[in-house]
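Colleague: I'd like to go through this model with you and hear the reasoning behind each label. Could you put it up first?

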Amino acid sequence: MQSELKNGDTAGAIAISEDIRQNLEKISHHGKRADFIVKGMMEHSRASTGQKEPTDINKLSDEFLRLAYDGFQAKDKNFNAELITHFDENLPKILVVQQDIGRVLLNLFNNAFYAVNQKLKTAGSDYKPEVSVTGGLENANAIINVKDNGNGIPDAIKDKIMQPFFTTKPTGEGTGLGLSLSYDIVVKGHGGTLTVDTVEGEFSTFTITLPLS
Ligand SMILES: Nc1ncnc2c1ncn2[C@@H]1O[C@H](COP(=O)(O)OP(=O)(O)OP(=O)(O)O)[C@@H](O)[C@H]1O
Ligand SMILES: [Mg+2]
């Protein structure tokens with residue numbers, strides 16, 4: 001740019017200054033993104049010190065469903081979704097680290113509310129967002145199902161969603177650590193499973209199983 005200015009090439013100098021401006025924007029954008037990711041990692045990696053305690057999984061699910069919903073409404077007053085719960089009363093208390101399973105639930109519910117909120121932006125006025133949670137028993141496992149009627153997950157990315165840092169959300173809205181952390185907590189921390197069933201454009205259902213003993 002200096003040589004352009006010396007040679008009186010104003011158009012050239014302006015073009016270069018525009019490049020510089022765009023590059024600065026990119027640097028700032030990626031700097032913010034790095035900051036956001038590191039904060040997310042620190043939050044997620046805070047070592048679990050929790051003890052496993054006998055827990056009413058139905059109650060925990062219900063509490064975190066409402067917590068996530070309140071959090072969403074705090075950000076967007078106009079956001080409304082129907083909350084549906086089905087809890088099997090026969091589910092005994094099971095041993096879990098409440099704080100960790102709470103994080104898993106919060107992430108699944110946040111993902112669900114985000115998905116229905118995205119669909120609200122494009123769907124017709126007859127679209128009614130719904131997020132449901134089911135707590136029950138199957139064989140020797142406690143089952144928690146979290147279902148939303150949002151946009152579902154395309155086949156092409158279904159295999160990637162549990163990978164760390166995989167996200168389709170814009171900078172500032174997601175780090176892509178939620179499901180990978182949830183997977184580690186459920187599978188490595190509690191000997192359970194975390195699976196997904198989805199139809200693009202229609203729904204996503206995440207299922208947690210936790211062994212009763
Ligand atoms: N209920 C859902 N409906 C549609 N897509 C989903 C749903 N849950 C997860 N996904 C997809 O999986 C990706 C990864 O989810 P994950 O929870 O790991 O990260 P994130 O929500 O993007 O960010 P973070 O949880 O770290 O804030 C999401 O970006 C989204 O593309
Ligand atoms: Mg998430």
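Modeller: Happily, and please keep in mind that this is a predicted model. Let me begin with a cut-off: a polar contact is a pair of N or O atoms within 3.5 Å.

Colleague: What makes D148 a polar contact of ligand 1?

Modeller: An N or O atom in the D148 side chain is 2.9 Å from a nitrogen atom of ligand 1. The limit is 3.5 Å, so the pair of D148 and ligand 1 counts as a polar contact.

Colleague: How much of ligand 1 does the protein bury?

Modeller: The protein buries 90% of the 600 Å² that ligand 1 exposes when taken alone.

Colleague: What makes N107 and N111 polar contacts too?

Modeller: In N107, a side-chain N or O atom is 3.0 Å from an oxygen atom of ligand 1. For N111, a polar side-chain atom lies 2.9 Å from an oxygen atom of the ligand. Both values are within 3.5 Å, so both pairs qualify.

Colleague: Which residues surrounding ligand 1 are the closest?

Modeller: They are T167, T168, K169, T175 and L179, out of 19 residues around the ligand. By class, this shell has 7 nonpolar, 10 polar and 2 charged residues.

Colleague: Which elements supply at least two residues of that shell?

Modeller: Those are α4 (98-122), α6 (178-190) and β7 (203-211). The most comes from α4, with 3 residues.

Colleague: Why do you say that ligand 1 sits in the largest pocket?

Modeller: The test is that more than half of a molecule's atoms lie within 2 Å of the pocket's grid points. Ligand 1 meets that test for the largest pocket, so we say that it sits there.

Colleague: What is the volume of the largest pocket, and which lining residues are closest to its centre?

Modeller: Its volume is about 1,400 Å³. The pocket is lined by 50 residues, with N107, N110, N111, K169 and E173 closest to the centre. Two or more lining residues come from each of α2 (10-45), α3 (57-75), α4, α6 and β7.

Colleague: Which element gives the most to that lining?

Modeller: Here α4 gives the most, with 13 residues. The lining as a whole divides into 18 nonpolar, 21 polar and 11 charged residues.

Technical notes
Residues are numbered from 1 along each chain as its sequence is written. Chains are lettered from A and ligands numbered from 1 in the order in which they are written. This is a predicted model: local features need pLDDT of at least 70, side-chain atom pairs count only at pLDDT 80 or more; totals for chains, interfaces and linings use all residues. Side-chain values use heavy atoms; hydrogens and water are left out. A residue is near a molecule or strand if one of its heavy atoms lies within 4 Å of it. A polar contact is a pair of N or O atoms within 3.5 Å; within protein, one must be able to donate a hydrogen and the other to accept it, and residues adjacent in sequence count only if both atoms are side-chain atoms. Accessible areas come from the Shrake-Rupley method with a 1.4 Å probe; for residues, only the protein chains shown count as cover. On a 1 Å grid over the protein atoms alone, a cavity is a set of points where a 1.4 Å probe fits but cannot get out, and a pocket is an open set with protein on both sides within 12 Å along at least five of seven lines; lining residues have an atom within 4 Å of a point. Helices (H or I, at least four residues) and strands (E, at least two) are DSSP runs, numbered from the N terminus. Ala, Val, Leu, Ile, Met, Phe, Trp, Tyr, Cys and Pro count as nonpolar, Asp, Glu, Lys and Arg as charged, and the others, Gly among them, as polar. Grid points are joined across faces, edges and corners, and a volume is the space filled by probe spheres set on the points.
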